[in-house]
Amino acid sequence: RAATALQEVLLFARQKIDVTGTTNLREVANRSAALRAFAIGRARLTIAVDVPTSGRFLVKGNDGLLQLAVLNLIVNAEQALAGQNGGAIRLQLEEAPGYVVLRVSDNGPGVEGAAAEQLFDSFFTTRPREEASGLGLSAARLAVEQCGGTLTLLTREAGACFEMRLPAAS
């Protein structure tokens, strides 16, 4: 299983994906939330998309890569909230000078200091190996970086918040 996962990661990393185009990060956020809405509802969690209706939100990058990254962040939040009453996931989008920023946050247990250091490392997971491969966050970061952006964990008192910062398209 590990060998198969490693082969898939290496294949993904070697792909020559066109990241010179533009994509609308508002559409990616809305589509990603819609794709996970059924599973989130079944898990008795909620998802809120705080995406302004005005603004361009066009970024440099590949639509498929960015959707992969956002979906991985949402699934990560779902896993963190598993079995929690009142679990909520929130996507927030905003424009910053030269960038578009998307934050995916949850009201789960958060990330402890030691785990935060390794969170984006391939095969690192805080979950039992039967439940997780440890590839979701590393794949998300790789996808965002291939589009010229950054993916970071923001420090918070409660829950977790991941910030995706991508160059705005001109």
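**An open sheet, its helices and a core**

Reader: In what order do the strands form the open sheet?
Author: There are 5 strands in the open sheet, and their pairing is mixed. Strands are DSSP E runs of at least two residues, helices are H or I runs of at least four, and both are numbered from the N terminus. Two strands pair if DSSP finds at least two bridges between them. The order is S2-S4-S5-S7-S6.

Reader: What kind of model is this?
Author: Residues are numbered from 1 along each chain as its sequence is written, and side-chain values use heavy atoms, leaving out hydrogens and water. Local features need pLDDT of at least 70, side-chain atom pairs count only at pLDDT 80 or more, and totals for chains, interfaces and linings use all residues, for the model is predicted.

Reader: Which are the edge strands?
Author: Go back to the order S2-S4-S5-S7-S6. An edge strand here pairs on one side only. That gives S2 (46-50) and S6 (150-154).

Reader: What angle does the direction of H2 make with that of S2?
Author: The sheet's twist averages 15° from one strand to the next. H2 packs on this sheet and touches S2, S4, S5 and S7, where a contact means heavy atoms within 4.5 Å. Axes are lines fitted to C-alpha atoms, for helices over the stretch in contact, and angles run from 0 to 180 degrees between N-to-C directions. For H2 and S2 the angle is about 170°.

Reader: Which residue in S5 stands opposite Leu-91?
Author: S4 and S5 are antiparallel, paired over 8 bridges. Opposite Leu-91 in that S5 strand stands Val-104.

Reader: How many residues of S7 are buried?
Author: S7 pairs antiparallel with S5 over 8 bridges, and 5 bridges join S7 to antiparallel S6. Buried means under 20% relative accessible area, exposed over 50%, partly exposed in between (1.4 Å probe, protein chains only). S7 is largely enclosed by the rest of the structure because the buried count is 7 of its 8 residues.

Reader: Which residue takes a positive phi in the hairpin of S6 and S7?
Author: This hairpin has 5 residues between its strands. The phi in question is near 75°. The residue is Gly-159.

Reader: Which element gives the most to the largest nonpolar core?
Author: A nonpolar core is a set of buried Ala, Val, Leu, Ile, Met, Phe, Trp, Tyr and Cys residues joined through side-chain atoms within 4.5 Å. The largest has 33 residues, with Leu-25, Leu-66, Leu-91, Leu-102, Met-164 and Leu-166 making the most contacts inside it. H2, H3, S4, S5, H5 and S7 each give two or more residues. With 8 residues, the top contributor is H3.

Reader: What does Leu-66 touch, beyond residues up to four places away in sequence?
Author: Leu-66 is among the residues with the most contacts inside the core. Its partners are Thr-23, Leu-25, Val-28, Val-59, Cys-147, Met-164 and Leu-166.

Reader: Is Gln-67 buried or exposed?
Author: Gln-67 is found in helix H3. Leaving aside neighbours within four places in sequence, Gln-67 is in contact with Val-28, Arg-31, Ser-32 and Leu-35. Its relative accessibility is 11%, so Gln-67 counts as buried.

Reader: At what angle does H5 run to S6?
Author: H5 lies across both S6 and S7. Its angle to S6 is about 135°.
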